[in-house]
Every structure is written in C-alpha cells, then in structure tokens.
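Biologist: I should like a close look at one charged residue and at the setting in which it is placed. Please take that residue as the starting point and then place it in the chain as a whole.

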Amino acid sequence: MVSALKRPMPWLLILQALCAYLAWPNYLLPESNILSALLVFLVPMPTFMIMLRYQGREAYRWCGLSGLAMFLIPATLWFEMLPSFPLATPLIFLFLAAMVYGIFGNVGLWAGACIRRFPAWYLLFAPANFAAFEFLRLVLTPKIWFFPPPILLYAYPLAGLPPLMQMASLTGVLGADYFVLCVAAGLALLAWRFLRAWDVRRPEPVLAGKVPAAEGRPLLVNSLMAAVLGLGFAALIVAGNLDAAKVERLQSQAERSLRPALLQGQFDAGNYGEWSERIKQSAIVLFRRLALNAKADRAELLVFTESALPLTLPSTAKVWRDFQDILEEAGVPAIIGLVTALDSERRFNVWYLVDAKGKIRDYYLKQYLIPFGEYMPGRPLVNGAIRLLNRVFATTYELLKLTSVDEDMKDLSPGSASKVFQLPQGAVILRVCEEIMFPQYFVQGVRLGGEVILNAGTGNWFPTPVFFNMRLQMACFRAVETRRWVGLVSSTASAAYVDPLGLVRDRAPFGQRAALVKRLPLLNGKTVYVRCGDWMGWLVLGLTAVLVAMMAWSWGRERFSKSGQERPA
C-alpha cells in the first residue's frame, strides 16, 4: 500500500478511464441511466486531485495524462466505428489526442499554480477554469475548425437523472456542467483530506508536502464556499423542477399540436456519388411506402433524414419529380435536405419545406459544417499544394510515371442565418446533424417563434447505437433548455422523440425501417435560458478573468518586492 501512496496517480488514472467509459454511452451501458449519471461526478475528480498534489512539470504531465484517460476510451470506441481510412483516421486521432493532452496539461498547470497562491478560492476557481473552456468550445467551435467540438460535456450523462438536468432551463447545459465540476472538485478535496488523515497515522508518512487548500483557514473558507455553491445549485435544481412541473401542466392543456413523421428508412444515398437507376428507384419505392404508412397514421409533416434520396439540385430533375409524386399521393408536406449548387463554386446543404403539391415553400441553409467531412479547411492552400505537386508529376512523368492528383472542389458553404418553418399547425425549428451540439442554434429558433424542434442527420458512419445515444443525450438537454419537443432522426440509426422535460417518450428500434409518428403539443413560452442566453458561461469566463487578474497582480507585487529588497541602500 505504501508504493500505491507514493505514486497514487497511475491507479487514479485507470479508475478515471473506467468511469469515463461507463459515464458516456458504450457497449455495457448504451443508454443514460442513474449509474452513468452518478459516475460522471467521479470522472473529473482525479484531475482535481492531481492539481492539489503536483506543481510545475509534474502537474502538466499528469493532468495531460488525465485528459487522455477521459478521452482515449470513448474516442477509441467511436473511431472503431468509422470506415477504415489508412492514413486519415490515425492522424486525426493523434491530432486530437495531442490537443487534449496539451489543453489539460496547461489548464492543470495554471490551476495548480492558482491553488497554491490563492488556496482559499480553490473550490470556486478550479472548476471555473474547466467550465470556461467548455463554454469556449460551444462558442468558438463553429468559427474555428481546429477547436475541439463539444461532444463530451460532463453534463450530458445527467440525462439519466432528469431531476438534476432541469436546471438547464435556467442556465443551459453550462450550468449543469459547472455543477458536475464543482461536485468533483469538492469530492477531490474530501478525498485528499481523508488520505492525509489516514497517512499521518502511519509510522512513515509517504504523502509529502502540504496542500494549502486542504489545511487551516483555506479549508474553512472552501467549506463555506461549498455550502454557498451547494445552496445555489440546490436553488437552481428546485427552480428547474418547478418549471418542469408547470410545463407538464401546460402540455396537458395545450390546444395546438403537430404530428410529424420521422421517416427512418435505413437508406443512405450519400450526397456526392454517382447513383445507378436501380438505387434511385429503390429509394423512391422505399420512401413512398414509408410516406403512405405515415399518412395512414395521420401524419401532418414528413421529415426525411439527411442523404435520404439520391439527388442534388438542379441536376437530378427526374428523381425530384418522383419525390413530388410521393407528396401528392400522401397529401402531406415534407422537410428534406439536398445538396444544392448555386453556381460553379458555391454548394450548400439546403433543407427545404415542401408542400403537399411538391412546391418549395421555404428553405434553411445548414450553418455548422464538419471539417474534413463537408469541407476541407484551408482549401486554397490545399489546392495550391496539389497544383504544385501536379506540376512536379508532369515534369517527371517519364521517370516516375506518377499521374496528376484531382482537385476536390466539393466543399460546402455554410449558411449564416437562423430560420423557422411556418406550418398551419405551428412553427418548426429544423437543425441538421451535428448542429445538435450547439444550443445557440436552438435558442435562435425559439426566439424567432419556433414551437417544436426537429433534428435530421446522417448515421452511415456509426453502425452501432453508441453515437446515436450520445446525440440523444444532447437532444434531452436541447429540449430542457428550450422547453420544446425534439424529434431526432438519422439515416441509418434510429429515430426518437424527447419531451420538454428531457425524457425520451418514443423511439424506433435501432437499424429498422419505421415511420415514427407522434402528437407533439406545441408550447410557445420562453425559458430563462432562452431569454438570457449563456449567462452561466459568461459568469465562469468572468471568474477565470478575475483569477488571471489576481495572479498577475500577485506576481507583479512579488516581483516588485524582490527587486526592492535587492536594491542597494
């Protein structure tokens, strides 16, 4: 046991990796539940223990490894589902691993230095550092392609414990995320106190040095801070659950509703390939059958998945006419996404609202595009390098026999405006695929009058339910943040409905074709989060800025004091 206490970090990292694996969807616990919700409080706890124990290079190294412990197992689980790209997949994986190591190492190094300079404020500032970074992920990822996307937020497993999730109607997902981090930081402080109390009773204590935040007056201040934070979060949770009770009552009294049909066809035509006539006709036959099934179930809107039909506009007019025939036969309007070329250079992922006669009534341009999936970052540089390479190949063809490389000009352009689709029954917010990660897109829609949320995506890269269940966790939080019903459908995965309390109310079997129809009561109230935006995110960012100012002042004063002492009399 002495050796374990001398170097306690390796076994802590193993436990951290295990908790991270079980907290988010996986093969053992594929769906959110109470166990995964409770385990997520233990996931960041070893990182805080490392910051309490180590300084300098050791803090950087161990915090970097701690970040990898949380990242590697879920990332490996998802990467094994991707198609095999001999070079791209390992490079992307290594790039993300290096980024996670560097981010966690630097945050741990900084936070550890802050703990020792201002130990009394550990419980307030240490979680705020990480929460501020999560806020920056939500805000900056759509603008900076290499910024890590906000897939694994600590809050998402709380979907398995709905009472804790309800605070998101006031704070957004960042409030729940900060709550998890504060609890983990408090548990780390308690665990460290326990280890020290147990260790000092041994003949030869092996935990060297003191942790300022766990000793004397700083411990008292942190205890008071824990009480204040606990009361604050308890008030947010109670207020969120009271709001949930009111929303549940409003739902039962709602006079207006919408019956969408999520067409889960288990068919992914893809956006960019060349399709045979057989593929085109099989897609038309499949979705005609699903549309007629939805009509028989009194559907009022057909929602197609991304890449549902093998067509792009304006090049495949015949398939478009066949699609119009489906709508006329069913007598139901539809939402469908198509790659549309405006000219020789600009192509968009466009989602159309089409009436029962097949006429386009409105459209929405997808705003968030996936780097390396829907566009190539630094395209001018990439194409310039390809042209240079082709010039070399052309001049050395007799010797090397290397043929030219094609320039891939299939990049999509992002949309820049939010929009809602107006139907006779109510207003629909349509967001596409990975836009489910970003609450700001849904807040914009609710502010424009949206009354129900639909998210349609593609799932051909993820043949197991794990990643779809992660998207389902996100949908639960988007529902609570906006107090709107959410319909989630993916081309080759599943379809589900989430109510405004974040509860999954209906779900199609994974990997099976279905037309999932449900009556969704329409609500038009606005939550505190919708009205005020990411106030919690700006709060933790402000706390981090205050800490930076305090550190700068402290370092400056210390340096000035030393220079004064060294000055000759």
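At what relative accessibility does Arg256 stand, and how does it count on that basis?

Modeller: This is a predicted model, in which local features need pLDDT of at least 70 and side-chain atom pairs count only at pLDDT 80 or more, while totals for chains, interfaces and linings use all residues. Residues are numbered from 1 along each chain as its sequence is written, and side-chain values use heavy atoms, with hydrogens and water left out.

Arg256 has a relative accessibility of 36% and therefore counts as partly exposed; buried means under 20% relative accessible area, exposed over 50%, and partly exposed in between, with a 1.4 Å probe and protein chains only. The side chain of Arg256 meets that of Glu451 in a salt bridge, with N to O at 2.3 Å. A salt bridge here is a side-chain nitrogen of Lys or Arg within 4 Å of a carboxyl oxygen of Asp or Glu. The partner, Glu451, is buried at a relative accessible area of 8%. These two residues link distant parts of the chain, being 195 residues apart. Arg256 is in the loop between helix H11 (216-253) and strand E1 (257-258), whereas Glu451 is in the loop between helix H16 (439-447) and strand E10 (452-457). Helices (H or I, at least four residues) and strands (E, at least two) are DSSP runs, numbered from the N terminus.

By the rule stated above, the count comes to twelve salt bridges. Another of them pairs Arg259 with Asp297, the closest N and O atoms being 3.6 Å apart. This pair also links distant parts of the chain, 38 residues apart: Arg259 is in the loop between E1 and strand E2 (260-264), and Asp297 in the loop between helix H12 (277-296) and strand E3 (301-303). Here the arginine, Arg259, is buried at 14%, while Asp297 counts as partly exposed at 33%.

A local pair offers a contrast. Glu481 and Arg478 form a salt bridge with closest N and O atoms 2.8 Å apart. Both lie in helix H17 (residues 465-482), three residues apart, about one turn of the helix. An α-helix has 3.6 residues a turn, so residues three or four places apart point the same way. Both Glu481 and Arg478 are buried. Elsewhere, salt bridges that share partners join Asp243, Lys246 and Arg483 into one network.

The nonpolar interior may be set beside these charged pairs. The largest nonpolar core has 118 residues, of which Val43, Phe48, Leu52, Tyr122, Leu158, Tyr178 and Phe477 touch the most other members. Such a core is a set of buried Ala, Val, Leu, Ile, Met, Phe, Trp, Tyr and Cys residues joined through side-chain atoms within 4.5 Å. Helix H10 (residues 173-199) gives the most to this core, with 15 residues. Apart from it lies another core, of 30 residues, including Leu263 and Leu338.

Helix H4 (residues 45-53) is mostly covered, as nine of its nine residues are buried; among them are Phe48, Leu52 and Arg53. Beyond its neighbours within four places in sequence, Leu52 is in contact, that is, with heavy atoms within 4.5 Å, with residues including Ile115, Tyr122, Trp192 and Val211.

Met536, in helix H19 (residues 535-566), is buried at 4%. The C-alpha atoms of Met536 and Gly175 are separated by 5.9 Å, although these residues are 361 apart along the chain. Not counting residues up to four places away in sequence, Met536 touches Thr171, Leu174, Gly175, Tyr178 and Leu236.

A polar side chain is also covered: Asn129, in helix H7 (residues 122-140), is buried at 7%. Its side chain reaches the backbone oxygen of Phe125 at 2.8 Å. Leaving aside neighbours within four places, Asn129 is in contact with Val107, Trp110, Ala111, Thr544 and Leu547.

For the chain as a whole, there are 19 helices and 15 strands, and 56% of its 569 residues count as buried. Among contacts between residues at least 6 apart in sequence, 74% join residues at least 24 apart. The accessible surface comes to about 25,300 Å², of which 64% belongs to carbon and sulfur atoms; the areas come from the Shrake-Rupley method with a 1.4 Å probe, and for residues only the protein chains shown count as cover.

Technical notes
A polar contact is a pair of N or O atoms within 3.5 Å; within protein, one must be able to donate a hydrogen and the other to accept it, and residues adjacent in sequence count only if both atoms are side-chain atoms.
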